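Subject: Handover of a structure and its findings

Dear colleague,

Please find below the structure that I am handing over to you. My findings follow it, and I would ask you to read them with the structure open beside you.

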Amino acid sequence: MWGYFFGGNSQQKKELPKKAIVELREHISTLNKKKNHLQQQMDDQDQLARKYVSSKQTTLAKNALKRKKGYETNLLKVENQIETLETQLVSIEGANLNLETMKAMKQGAKAMKQIHGEYDVDKVEDTMDEIREQVELADEISEAISRPVGNEYVDEDELDQELAELENENREAEKEKAKPQKQQQQPAAVHKEEQLPSFPTVNKAEPVSQDDEDEAALKALQAEMGL
């Protein structure tokens, strides 16, 4: 028993606060039941005393008041006990909470110490420098890959100029197609007239013989042939 309160193994020490809290709560609950019972007895004796006073039974009324006074004294003792136990319960719960908090903080500090033991500020800076170098290298590689190769690069201004020339040629071709067909055939007719052989003018007033016509045609043909 004394080992339970003043010593014992670590498991008992660990369970002691929890067990004390449970026992205190149970005892407070028992005292509250006792308190309610005493309060009910006081109320009963008070009603009984009032009844005896109404019936002019002074001695019985006085005895009822004495019993009420005894119950009241016991009630005050129980209330004081409840108050003491509740104060102790709050203190133990607070102390136990502080203990658990300290254990958690100690465990966290141990974990942080273990983590930080694997690296320091210099190692972090070296790692960040390596990351920056790799990022810069990746950017350079990406830029090199996306750069045009050979004659794939085309001047946009040159393309625009060539496109404008093609558009002008297309407009001129459409204008030529839109001209009337008569205007296109007229120069050919004139050219055809220029190629016809010239014949001597015949005066309609003077009759022309068949021989003269043949001779004139022959001369015109010879002149055309350069004979």
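**The nonpolar patch**

Helix 4, which covers residues 121-146, gives the most to the nonpolar patch, with four residues. Please keep in mind that this is a predicted model. The patch lies on the surface, has an area of about 500 Å², and is made by Ile-115, Tyr-119, Val-124, Met-128, Ile-131 and Val-135. Val-124 is a good residue to look at, and it lies in helix 4. Is Val-124 buried or exposed, or something in between? Its relative accessibility is 36%. Because buried means under 20% and exposed means over 50%, Val-124 counts as partly exposed.

**The salt bridges**

Side chains of opposite charge can pair when their charged atoms come close. How many salt bridges does the structure hold? There are five, and three of the pairs are described here.

In one of them, the side chains of Arg-25 and Glu-93 meet, at 2.4 Å from N to O. This pair links distant parts of the chain, since Arg-25 belongs to helix 2 (residues 10-54) and Glu-93 to helix 3 (residues 58-116), 68 residues apart. Arg-25 has a relative accessibility of 48% and counts as partly exposed. Glu-93, at 26%, also counts as partly exposed.

Another salt bridge joins the side chains of Lys-35 and Glu-79, with 4.0 Å from N to O. Lys-35 lies in helix 2 and Glu-79 in helix 3, so this pair ties together parts that are 44 residues apart in sequence. Lys-35 counts as partly exposed at 29% relative accessibility, and Glu-79 likewise counts as partly exposed at 29%.

A further salt bridge is formed by the side chains of Asp-46 and Lys-68, at 2.8 Å from N to O. Here too the partners come from two helices: Asp-46 lies in helix 2 and Lys-68 in helix 3, so the pair ties together parts 22 residues apart in sequence. Which side of the cut-off does Asp-46 fall on, buried or partly exposed? With a relative accessibility of 19%, Asp-46 counts as buried, because buried means under 20%. Lys-68, at 22%, counts as partly exposed. Salt bridges that share partners also join Asp-46, Arg-50 and Lys-68 into one network.

Yours sincerely,

Your colleague

How values were computed: Residues are numbered from 1 along each chain as its sequence is written. This is a predicted model: local features need pLDDT of at least 70, side-chain atom pairs count only at pLDDT 80 or more; totals for chains, interfaces and linings use all residues. Side-chain values use heavy atoms; hydrogens and water are left out. Buried means under 20% relative accessible area, exposed over 50%, partly exposed in between (1.4 Å probe, protein chains only). Patches are made of residues with over 30% relative accessible area and no salt bridge: like charges are joined within 9 Å, nonpolar side chains (Val, Leu, Ile, Met, Phe, Trp, Tyr) within 5 Å. Accessible areas come from the Shrake-Rupley method with a 1.4 Å probe; for residues, only the protein chains shown count as cover.
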